[in-house]
Amino acid sequence: MSERRRSAGSWIEGARAAGVDLGYPGERLGLPREGAGSVAGYGRRLGALVIDWLIALLVAAVLAGALHWSAQARSLLTLGVFGVLTWLLTGLIGTTAGKALCGLRVVRTDGRPLGPLWAFVRALLLVLVVPALIWDRDYRGLHDRAAGGIVVRR
């Protein structure tokens, strides 16, 4: 393989492919590699998101049906219900229903609870979607970084 092609391949595949040791996710934050308190992986987080979204869909469908709202209004209501549930549950108990079922919780990077204010910031950015799609090497989306939080295993 030519040097030019190898360089392009390492850029596309990330720093690890180029031989850079970045450590494991959460290492630079002082978190364990595995078990309770370790950084949650993509699979569990996605599973929790699906569960939370399904709960928001159900609540919004019941409310929209009772109020005779249109499908478009129900879609916005679903997003609003998702945001409010995420904010309140994360701020008050550190986890949502989906995260609890998947064995996850949201904490500050020092291990303390996130709290209502930062949970609100996190939820607001989460419903904007884009921040959640941009992750760092510790699996923290921009919404987590802005709130000073991280999703860990329970």
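These legends go through several close-ups of one predicted model, from the whole chain down to single residues.

The model is predicted, so local features need pLDDT of at least 70 and side-chain atom pairs count only at pLDDT 80 or more, while totals for chains, interfaces and linings use all residues. Residues are numbered from 1 along each chain as its sequence is written, and side-chain values use heavy atoms, with hydrogens and water left out.

**View 1. The whole protein chain, with seven helices and two strands.** Helices (H or I, at least four residues) and strands (E, at least two) are DSSP runs, numbered from the N terminus. Going along the sequence, the pattern reads α-α-α-α-β-α-α-α-β. Of the 154 residues, 36% count as buried; here buried means under 20% relative accessible area, exposed means over 50%, and partly exposed is in between (1.4 Å probe, protein chains only). The chain shows about 9,200 Å² of accessible surface, and 65% of that belongs to carbon and sulfur atoms. Those areas come from the Shrake-Rupley method with a 1.4 Å probe; for residues, only the protein chains shown count as cover. Take the contacts (heavy atoms within 4.5 Å) between residues at least 6 apart in sequence: 66% of them join residues at least 24 apart.

**View 2. Helix H2, residues 42-67, and what packs on it.** H2 has 26 residues, which should span 38 Å at 1.5 Å a residue, and its end C-alpha atoms sit 37 Å apart, so the two agree. The expected span is 1.5 Å times one less than the number of residues. Buried here are Arg-45, Ala-48, Asp-52, Ala-56, Ala-60 and Ala-64. An α-helix has 3.6 residues a turn, so residues three or four places apart point the same way. The partners packed against those buried residues are H3, helix H4 (97-101), S1, H5, helix H7 (142-147) and S2.

**View 3. A nonpolar patch on the surface, mostly from H2.** Seen here are Leu-46, Leu-49, Val-50, Trp-53, Leu-54, Leu-57 and Leu-79, which have about 590 Å² of accessible area together. H2 gives the largest share, six residues. One of the patch residues, Leu-49, lies in H2 and is partly exposed at 38% relative accessible area. As for what counts as a patch, members have over 30% relative accessible area and no salt bridge; like charges are joined within 9 Å and nonpolar side chains (Val, Leu, Ile, Met, Phe, Trp, Tyr) within 5 Å. A salt bridge, in turn, is a side-chain nitrogen of Lys or Arg within 4 Å of a carboxyl oxygen of Asp or Glu.

**View 4. Helix H3, residues 71-93, alongside H2.** H3 runs for 23 residues and reaches 32 Å from its first C-alpha to its last, close to the 33 Å expected at 1.5 Å a residue. Leu-77, Thr-78, Val-81, Phe-82, Gly-83, Thr-86, Thr-90 and Gly-91 are its buried residues, and their cover includes H2, strand S1 (104-108) and helix H5 (116-127). Zoom in on Thr-78, which counts as buried at 2% relative accessibility. Setting aside neighbours within four places in sequence, Thr-78 touches Trp-53, Ala-56, Leu-57 and Ala-60. Gly-80, also in helix H3, is partly exposed with a relative accessible area of 36%. Its C-alpha is 8.8 Å from that of Ala-60, and the two residues are 20 residues apart along the chain.

**View 5. Strands S1 and S2, running antiparallel.** Five bridges join S1 to S2 (residues 149-153); two strands pair if DSSP finds at least two bridges between them. Leu-104 has Arg-153 in S2 as its bridge partner. S1 is mostly covered, with four of its five residues buried.

**View 6. Three residues with positive phi: His-68, Gly-94 and Tyr-139.** His-68, just after H2, sits in the loop between H2 and H3. Its phi is about 55° although it is not a glycine, and at 72% relative accessibility His-68 counts as exposed. Just after H3 comes Gly-94, with a positive phi of about 80°. Tyr-139 is another non-glycine with a positive phi, about 65°. Look for Tyr-139 in the loop between helix H6 (130-133) and H7, where Tyr-139 counts as partly exposed at 23% relative accessibility.
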